[in-house]
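I opened this notebook to keep track of what I looked up, entry by entry. The entries follow the order in which I checked things.

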Protein chains: 2
Amino acid sequence: MPKYKQFNRDKVLEAASNVFHEKGYNGTSIDEILTATGLSRSSLYDSFKDKHNLYLQSLEFYKESNDKKFQSLDEKDLNGLQKLETMFKGVVNHLVENPDDNGCLLVNAAAEMSKQCFKTSQVICNNKDEVQNLFSSWISDAEQKKVVKLNKPAKVYGQFLYNTLCGLRVMSQSGAGKTELNNVVKVALDSLN
Amino acid sequence: MPKYKQFNRDKVLEAASNVFHEKGYNGTSIDEILTATGLSRSSLYDSFKDKHNLYLQSLEFYKESNDKKFQSLDEKDLNGLQKLETMFKGVVNHLVENPDDNGCLLVNAAAEMSKQCFKTSQVICNNKDEVQNLFSSWISDAEQKKVVKLNKPAKVYGQFLYNTLCGLRVMSQSGAGKTELNNVVKVALDSLN
DNA sequence: AATAATTTGGAATATTCATTCCGATGTTTT
DNA sequence: AAAACATCGGAATGAATATTCCAAATTATT
């Protein structure tokens with residue numbers, strides 16, 4: 001048809017990341033991606049090289065749209081503890097209200113691909129470090145504003161809360177319900193005292 | 001050759017679960033399983049029906065060998081807190097000393113298969129409940145012996161510590177190192193006070 | 001209006017994969 | 001020792017897979 005691309009790159013990556021999210025890398029076929037994105041076979045290979053490259057770009061797209069959510073929460077006029085509470089509440093709510101949602105694409109990618117693809121492990125590791133640092137900054141803020149009292153460096157709690165977050169995603173894929181997830185969050189946040 | 005099976009069922013399941021552990025369900029081919037187990041194609045299909053069935057049996061084998069480790073720890077003459085400390089120390093040590101070990105087969109199965117295979121999700125959910133209950137009993141024991149002081153039911157801490165454990169597996173697949181994992185364990189166990 | 005530029009549809013290719021099947025092999029039983 | 005029986009090796013099958021390729025379609029430019 002066209003002289004300029006007929007599709008929106010972000011829409012394609014969003015659709016692709018949804019499929020990868022649902023079925024994993026090895027579990028999704030190119031045909032499934034074609035129907036999900038509406039792209040033609042040749043357009044996909046022209047624009048995204050191959051399946052593996054599309055996967056990596058989908059991962060980064062997912063990561064960036066995650067980052068945006070974190071950033072918009074970060075910009076809210078809340079203290080660090082409130083930001084953490086809001087974030088965890090949001091995650092649990094999402095998991096509970098979307099029981100078919102297959103956890104977190106990055107967690108699934110860590111499980112499926114991190115030992116088999118160095119580039120995948122890089123994206124995952126970067127995400128981990130960034131989110132931990134954000135959490136640590138929230139915790140430092142909460143400490144400064146004296147809404148929490150810590151006996152370890154803020155960085156350590158950032159690592160701990162990131163671990164808690166990863167756990168929640170696995171728990172929801174293991175059949176955990178609302179109260180179970182809420183209990184976990186409650187104990188985790190209570191440790192900031 | 002034989003009139004009776006030439007192979008040891010447990011050895012086969014152990015080898016198979018190692019491959020599934022390393023590469024996931026969709027990432028491993030029958031051929032890889034054949035070379036890993038030493039079985040012939042026809043023996044495998046004769047004794048294990050098909051790939052999917054072999055996967056489920058491998059999962060249960062893995063779960064049971066995990067259970068045994070937990071049980072032998074449970075039988076030790078330690079209070080509940082010491083058992084938890086020993087367990088977490090063992091997990092972190094294992095993850096650190098075997099950097100190529102691909103996390104936990106059950107966690108990986110949760111990420112890859114739980115939404116696509118009901119039987120897989122059953123194994124995972126059962127494992128979650130059992131381990132949580134074991135942890136809760138250890139915590140109750142520690143409470144009774146007054147080595148910890150809780151302000152929530154033991155069951156809730158069992159859920160929390162199981163979540164922490166799942167998180168550790170993902171963290172190690174995300175490039176977390178020894179101190180990072182130890183920090184997580186430290187904060188998690190400190191919450192029992 | 002014609003040419004240039006670029007995407008697209010879908011057929012074609014070549015691998016890889018899970019599974020089936022049968023003759024050969026060996027072991028137990030009589 | 002020979003018949004009965006179950007396993008095993010490996011070829012064969014057929015479906016699914018990722019990727020390539022080319023002609024048709026469409027728009028921008030001249």
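**Entry 1. Two lysines with positive phi**

I began with Lys146(B), which sits in the loop between α7 and α8 of chain B. This is a predicted model, so I noted that before going on. The phi of Lys146(B) is positive, about 60°, although the residue is not a glycine. Is Lys146(B) buried or exposed? Its relative accessible area is 74%, and because the cut-off for exposed is over 50%, I wrote down Lys146(B) as exposed.

I then looked up Lys49(B), another residue other than glycine with a positive phi, here near 70°. Lys49(B) lies in the loop between α3 (41–48) and α4 (51–74) of chain B. With a relative accessible area of 57%, Lys49(B) is exposed.

**Entry 2. How the two chains are related**

Next I checked how chain B maps onto chain A. A rotation of 180° with 0.0 Å of shift along its axis does it, and the RMSD is 0.0 Å. The two copies are therefore related as by a two-fold rotation axis. Which residue of chain B has the C-alpha nearest the axis? I found Gly167(B), at 2.0 Å from the axis. Both copies use the same surface, since 100% of the contact residues of chain B recur in chain A.

**Entry 3. The contact between the chains**

I looked up how many residues take part: 46 from chain B and 46 from chain A. The area buried between the two chains is about 3,700 Å², and carbon and sulfur atoms give 58% of it. On the side of chain B, the residues that lose the most area to chain A are Lys115(B), Asn163(B) and Val187(B). Together these three make up 17% of what that side buries.

I also took down two counts between chain B and chain A. There are four salt bridges, and there are 16 residue pairs in polar contact.

Which helices of chain B supply at least two residues each to the side that touches chain A? My list reads α1 (9–23), α6 (105–113), α7 (118–144), α8 (154–173) and α9 (178–190). Of the elements of chain B, α8(B) gives the most to this side, with 14 residues. By type, the residues on this side of chain B divide into 18 nonpolar, 17 polar and eleven charged.

**Entry 4. Lys152 and Asp190, both ways round**

I picked one salt bridge between the chains to follow. The side chains of Asp190(A) and Lys152(B) meet in it, at 2.5 Å from N to O. The pair also appears as a polar contact of 2.5 Å between the side chains. What does Lys152(B) touch, apart from its neighbours within four places in sequence? I listed Lys186(A), Val187(A) and Asp190(A) from chain A, and Tyr157(B) from chain B.

I then looked at the other pair, Lys152(A) with Asp190(B), where the closest N and O atoms are also 2.5 Å apart. This salt bridge crosses from the loop between α7 (118–144) and α8 (154–173) of chain A to helix α9 of chain B. The first pair joins two chains as well, because Asp190(A) lies in helix α9 (residues 178–190) of chain A and Lys152(B) in the loop between α7 and α8 of chain B.

I checked accessibility for the four residues. Lys152(B) is buried at 15% relative accessibility, and Lys152(A) is buried at 15%. Asp190(A) is partly exposed at 38%, and Asp190(B) is partly exposed at 37%.

**Entry 5. Gln159(B)**

I turned to helix α8 of chain B, where Gln159(B) is found. Gln159(B) has a relative accessible area of 6%, which makes it buried. Leaving aside neighbours within four places in sequence, I noted contacts with Met171(A), Glu180(A), Asn183(A) and Val184(A) from chain A, and with Gln132(B) from chain B.

**Entry 6. Other salt bridges**

Last, I looked at salt bridges over all chains and found 18. One of the pairs I looked up is Lys83(B) with Asp74(B), at 3.3 Å from N to O. Lys83(B) is buried at 9% relative accessibility, whereas Asp74(B) is partly exposed at 30%. I also noted a network of salt bridges that links Lys63(A), Asp67(A) and Glu130(A).

Definitions and conventions: Residues are numbered from 1 along each chain as its sequence is written. Chains are lettered from A and ligands numbered from 1 in the order in which they are written. This is a predicted model: local features need pLDDT of at least 70, side-chain atom pairs count only at pLDDT 80 or more; totals for chains, interfaces and linings use all residues. Side-chain values use heavy atoms; hydrogens and water are left out. Copies are superposed by least squares on the C-alpha atoms of residues with pLDDT of at least 70 in both. Contact means heavy atoms within 4.5 Å. Buried area is the accessible area (1.4 Å probe) that two parts lose on being put together, summed over both. A polar contact is a pair of N or O atoms within 3.5 Å; within protein, one must be able to donate a hydrogen and the other to accept it, and residues adjacent in sequence count only if both atoms are side-chain atoms. Helices (H or I, at least four residues) and strands (E, at least two) are DSSP runs, numbered from the N terminus. Ala, Val, Leu, Ile, Met, Phe, Trp, Tyr, Cys and Pro count as nonpolar, Asp, Glu, Lys and Arg as charged, and the others, Gly among them, as polar. Buried means under 20% relative accessible area, exposed over 50%, partly exposed in between (1.4 Å probe, protein chains only).
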